[in-house]
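Biologist: I would like to learn how to read the cysteines in a model of this kind. Please take me through them one by one.

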Amino acid sequence: MKNDTGISAARPSAGSGDGNAARRNSNRPKYSRFTQQELPACKPILTPQWVISVFTLIGVIFIPIGVVALLASNDVVEIVDRYEIACVPPNMTHDKIGYIQNPSISKTCTRKLKVPKDMDKPIYVYYQLDNFYQNHRRYVKSRNDQQLRDASKANETSGCDPEKTTADGMPIVPCGLIAWSLFNDTYSFNRGNGEAMIVNKKDISWKSDRDHKFGSDVYPKNFQNGALIGGGKLDPKLSEQEDLIVWMRTAALPTFRKLYGRIDVDLKENDIITVALENNYNTYSFGGKKKLVLSTTTWLGGRNSFLGIAYLSVGGLCFFLSTAFTVVSLVKPRTIGDPSYLSWNRNPASQ
Amino acid sequence: MTRAEKIRDKLRREKLRWSKIYTFNCARANPELIDFANPFNGLQGPGFSRKVQCNQPSLHRRKPLHYPSNYISTTKYNIITFLPKAIFEQFRRVANLYFLLAAVLSLTPIAPFSAVSMIAPLAFVVGLSMAKEAVEDWRRFMQDMKVNKRKVSIHKGDGNFYYKKWHKIFVGDVVKVEKDHFFPADLLLLSSSYEDGICYVETMNLDGETNLKVKRALDVTLHFDEDKTFKDFYATIRCEDPNPSLYTFVGNLEYEKQVCSLDPNQILLRDSKLRNTSYIYGVVIFTGHDSKVMQNSTESPSKRSSIEKKMDYIIYILFTLLVLISLISSIGYAVYTKFGMRNWWYLQPENASTLYNPLMPALSGIFHLVTALIMYGYLIPVSLYVSIEVVKVLQAMFINQDIQMYDEDTGKPAEARTSNLNEELGQVDTILSDKTGTLTCNQMDFLKCSIAGVSYGVGSSEVEIAAAKHIASEFSGSPGHNCFPADYWDNNVDDSSVIQLEDGITCKVVKDPKPKIKGFSFEDDRLMQGNWVKEPSRGTLQMFFRVLAVCHTAIPEHDEENGTFTYEAESPDEGAFLVAAREFGFEFFKRTQSSVFIRESYPNPLEREFKILNLLEFNSKRKRMSVIVRDDSGQIILFCKGADSIIFDRLSKNGKMYEADTMKHLNEFGEAGLRTLALAYKVLDESEYSTWNAEFLRAKTAIGLDRDAQLEQVADLMERELVLIGATAVEDKLQKGVPQCIDKLAQAGLKIWLLTGDKMETAVNIGLLRLGLKQISISTMNTDFLDQDAKKAFLSCLEQNIKDNILLQITNASRMVKLEKDPHAAFALIIDGKALSYALEDDMKHHFLGLAVDCASVICCRVSPKQKALVTRLVKEGTGKTTLAIGDGANDVGMIQEADIGVGISGVEGMQFPALYQQGPKNLFFDWSRIIAWTANGLYSSIVVFFINISIFYDQAFQSEGQTADMAAMGTTMFTCIIWAVNLQIALTMSHFTWIQHLFVWGSVSTWYLFLFGYGFMSPVISGNAFHILIESLGPAPIYWITTFLVAAACNLPYFAHLSYQRLFYPLDHHVIQEIKYFKKDLTDEQMWTRERSKARQETKIGFTARVDAKIRQLKGKLQKKTSNLFNPPKHEINLPPPCIYSTANLAFSRQNFIASPNLHQVETPLPLHLEMKVKN
């Protein structure tokens, strides 16, 4: 019989109809508040009071946070210096690529920075690239973490296309486009009085990267040996190459800053800093900017007023909404549980 | 004598030759011997190839006569086909197919994700769904096995019978089926325990008819009435091939050089039951899936809910969106690759593979398109189906576990056989219900009667009890208690109630101290314990009881245990009458071939013998039954019982003494939801009878096509000039819970169609229809009433005529419905199976549907299972609404399968509050504007998440240690924001928090942090960029937490504002009710609550409540009359016209059923239409 849709219950099947009581009771579903859907439940009702207080509460919380965040952001002192154009010798401005690719031309360049406000140590030094797609799929994937971690896996170059091996088939360590395109501008700082400021490049990377992702016994092999030279070269021992470790943490956006080092000196307002930089890295091909950034931090990090503004806006909106709801419910109040709002009362014609 | 012989002897004694008693049922012209020269006339060629070698089943296990065994299977899969078929089923879903493609592509470098992350979720999702399918199919398999393993007695050779499992039966087997057992296959009846080879069959499972059917064996096989006789039985049957027609059979039997033709009279169908007959012998003709009932079952469709179908649309839209987004992104990619990438030396464009080749940007773009399609694939939720499936399985579990749906009597909990359709339950628009056994218990209870113009019986029907309670509670002035009509049935109707409305408003509900007699709830001291002897009209009373005791076709069975008699009757009504007669002191205790014996207790105990001269039995055409008897004083009397309209037409001039009173009582009984029959008699003198009998005998022995017509004509002559005695009223008790539920559903605005195999009267009379409902009846007039010439003349174009006529009826009725001005007028469409078969034809069905949807209720009578399924399909496809079919027998299977939702009755859960349900069919919660609004909300949220995050983690250090955010840090923060936003959104949409909701909402959020923490602790080989991300970089950075807070709030702000606005100023019904409940207003202001509760019901014109309302109106009218008579001058009556008159008028109106004539010359316009036209003119 094609009775698969549920008529079996009515079918006089043998036994179950006149079975004994025990058997009957065994079929009886067991009572529990869960299976009978009788769990105690909290059924919040959105009354005007609730709505208005929720909006007010959000406003009350958000606006102070916004103010604090904005203050923190404003506390940060930041010096940003774009140098990739200024550092091209005047006779080469028509051929910037030729300039940057010609190893015989000196890339040294001097910049003078004025401190706008007192800067308390530590002062973080960043380089900022622009229009640089570290987030390109080809780029992001072009690395091999096993090789970086374990010296014995030096031959492990899968995924490193097209920087896998040298022309004669030797594996490259570290392989891949990311390492190959390592940023290689260098900065050194002097105070106006000529006193050198030491840039501390230690601990600029994440500790977990140094300890767990870059093996202490892994040394570069065949790196930047090919016909194409990308970015910087490496000295022995990858785990000490913190510039590389920082670089290998690919950025999410085409404009990004990466930590270059730390200056553990306080700077005073109107101090002049002389920066001697080696302008090695080619951003001219793709029209990218290069900036040198010196910045202090607060508990919230660097300078970015967006967070504070966003908090203030949302908080303000909530205040507005709470006011609006108050006004509307005063002008056009509705008694909670008023049966006249039931559909059959509102629209008697439908009956 | 051995015990076996004794039993056989007893069986012999009970052998009655019913064929000699019956006039119409077993009517058979002389055994038709077919011209032996051409015995296979009409039984050759395609469609008639079956040949059955009786008693030689072994011949049927090999070719060429191989037929399938009796094994049945309704499963969708078997072990071999499960994997391919189930996988195919799964990948019929577009989304799954897409993910399969994505998973395959993830093995190539094009994929943005690792293969595992693509394949694992898909495998999980598909595996889960398949496991569900497997479990459900296994259950079906077990169900089949239960049927296959039933046992039946089979001839094994040498006259020995053994029990064998059903599925081992083959064509040609001789089986012996015992009383109250199902036939295992389609059988040819050879002989039965009755001498003349008749047997009674209950076909409720096939066509829903409750009346027993009589089948009769061929005379040539009658002598095979014992096991031993089958030793040397050989015969050959040639017959039609398996087909679904339940009412036809063409074939012949070759036995001992004789060829006899077979007709449906000899065929016992699988799934019908042997009743009132000790045993039968039969030969298996059709087995297993060849049997008619199996042929009738439509292939079980794999049901997909409308939500699932709509979900497919959404998936298509999302997919279009996905393609669009991917296309835009690939074009952008190609442009960038062409113009930008060649300058991006750090990507080594000169060494690039095709995926990123600036020299072939178009190709790279195409590859990127594939990548993008996979990457943005999150737009299509892989878990969508599986989450819904898990929810449905849980819902099914809740349904199965529901104690309120557990039936104490049978010990059966509810069983959701397929969990695919649970959510549809909330969207049902039309309910198609089988009546018999579904809505009523099909147990008749003799409740009232009207004899000699006096109404007897103080017991109350369910409708009356409910109405009385309502009025009583209203007058006692407690509005919150019991006055809501939906509460009527909260009070158990098992209590017998005494309501004496005649004397004012006293309503006593008294527990009955007496043990109840099944089928007899009559209470009236005037008639019981022989008190009727003291009544003035004792003669009529006696006649009445004799009609009950004599005019039937039942057989008494002596119950050894308590000495009483039980009766095996053809219909439960008849059984109830006999029980009633017994209780009144007219016990029918013995039937012989020619006599019925009655033991009369009052006034003096004595036994009476009534010689049965003729029996003109009941059939649906005649709507009456008569017996002509000679009592012990030698007087010849005709006893007749039948439908009131039929009987009233046949009364003699002086037999109408009680007509008016009886009519009034009949209306009252009808109002109370009772089934009524009128009783009459006629005393015949000897000469009158013998003249008639001679004519009758001549008609009976006539040969030819018009024999039946002649017989009927002669019988009709006799059943005239009757004397009315009174009327009976039996209650077909409504099944507990079910009609109430249907009633609530009707209040919730659902349409209810009744599809029943029963005859029209039974169907209409059920307590579902409010009296006064205008009935539109569409039927084919019986062609038998036409004279022969007309019949022949129109035989050729008869079909077309009938069709045209029905079309005319439909259009006329539609016009009438349209012209109806009264907004409260409701129509019930009543259509019989024959007319339906025309109405369902392609060119007519839309007219029919158009009329049907305008009617409050549709009743289809005498419909076959196939028609039930067809009607269901018509409603489903014609209206595009969700349909729910309720049924209980195999005859409903087609309908149940065809409907969007099938419910097999054991009990259906009532609705909490019908009005809220109206939101469901209106699809308030799943319409396109909502879908678009939610999509917009999603878009807004994603924009907020993305841009706030990239603005905050732009380029500066994100914590005091000076490090800037890399891709991993920013991505993780974004994802944290999403987790919060989504879960807050879920929490906001909830109106109901139990610990489960709290657990899952807040649990999801904390699981994310736990995952981040745990995953970060794994070796960097596994965790990669996520290594130590929470503890080292994000956790210590306040900006991470502050951002999460901001984004979560910003994402949900618009929704919350919208929600608040809607709830505060434009609340939906369930909001208001939630508020009322929350502030306990329903307790403090009961009046308001009651008022709203009753308003919430949609006014219904059908259902139990509607009936109760009608009764209340009637009672109130009476009350008004009484009080106004007492206190006021009668003119006040005008304010409230007695509803009795009102309903009588309506009743009279409704009796003007449209009569259709297939004769073109005299197409009658139905009377009400004449009236209608006149009014219009």
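Modeller: This is a predicted model. Start with the pattern in chain A: counting bonded cysteines along the chain, the disulfides pair as 1-2, 3-4.

Biologist: How many disulfides are there over all chains?

Modeller: A search of the whole structure gives two disulfides.

Biologist: Which cysteine forms a disulfide with Cys87(A), and how far apart are the sulfur atoms?

Modeller: The general test is distance: a pair of cysteine sulfur atoms counts as a disulfide within 2.5 Å. Here the partner is Cys109(A), with the two sulfur atoms 1.9 Å apart. The angle about the S-S bond is -75 degrees, and the link is left-handed. Cys87(A) sits in the loop between β1 (78-82) and α3 (96-101) of chain A, while Cys109(A) belongs to strand β2 (residues 108-114), so the pair, 22 residues apart, links distant parts of the chain.

Biologist: Are Cys87(A) and Cys109(A) buried or exposed?

Modeller: The cut-off for buried is under 20% relative accessible area. Cys87(A) is buried because its relative accessibility is 5%. Cys109(A), at 9%, is buried too.

Biologist: Which cysteine is joined to Cys160(A) by a disulfide?

Modeller: Cys160(A) is joined to Cys175(A), with an S to S distance of 1.9 Å. Both Cys160(A) and Cys175(A) lie in the loop between α5 (145-149) and α6 (177-180) of chain A, 15 residues apart. Cys160(A) is buried, with a relative accessible area of 0%, and Cys175(A) is buried at 2%.

Biologist: Now chain B. Why is there no bond between Cys54(B) and Cys239(B)?

Modeller: Apply the distance test again. The closest cysteine sulfur to that of Cys54(B) is in Cys239(B), 9.7 Å away, which is too far for a bond. Seen from the other side, Cys239(B) is in no disulfide, and its nearest cysteine sulfur is that of Cys54(B). Cys54(B) is buried, with a relative accessible area of 0%. Cys239(B) also counts as buried, at 0% relative accessibility.

Biologist: One residue that is not a cysteine: where does Ser652(B) lie?

Modeller: Ser652(B) is in the loop between α14 (644-648) and α15 (659-671) of chain B. Ser652(B) counts as buried because its relative accessibility is 5%.

Biologist: Which residues is Ser652(B) in contact with, leaving aside its neighbours within four places in sequence?

Modeller: For a contact, look for heavy atoms within 4.5 Å. With those neighbours set aside, Ser652(B) is in contact with Glu721(B), Leu722(B) and Val723(B).

Key:
Residues numbered from 1 in each chain as written. Chains lettered and ligands numbered in written order. Predicted model: local features only at pLDDT ≥ 70, side-chain atom pairs only at ≥ 80, totals over all residues. Heavy atoms only, no water. Helix = DSSP H or I, 4+ residues; strand = E, 2+ residues; numbered from the N terminus. Buried < 20%, exposed > 50% of the residue type's maximum accessible area, 1.4 Å probe, protein only.
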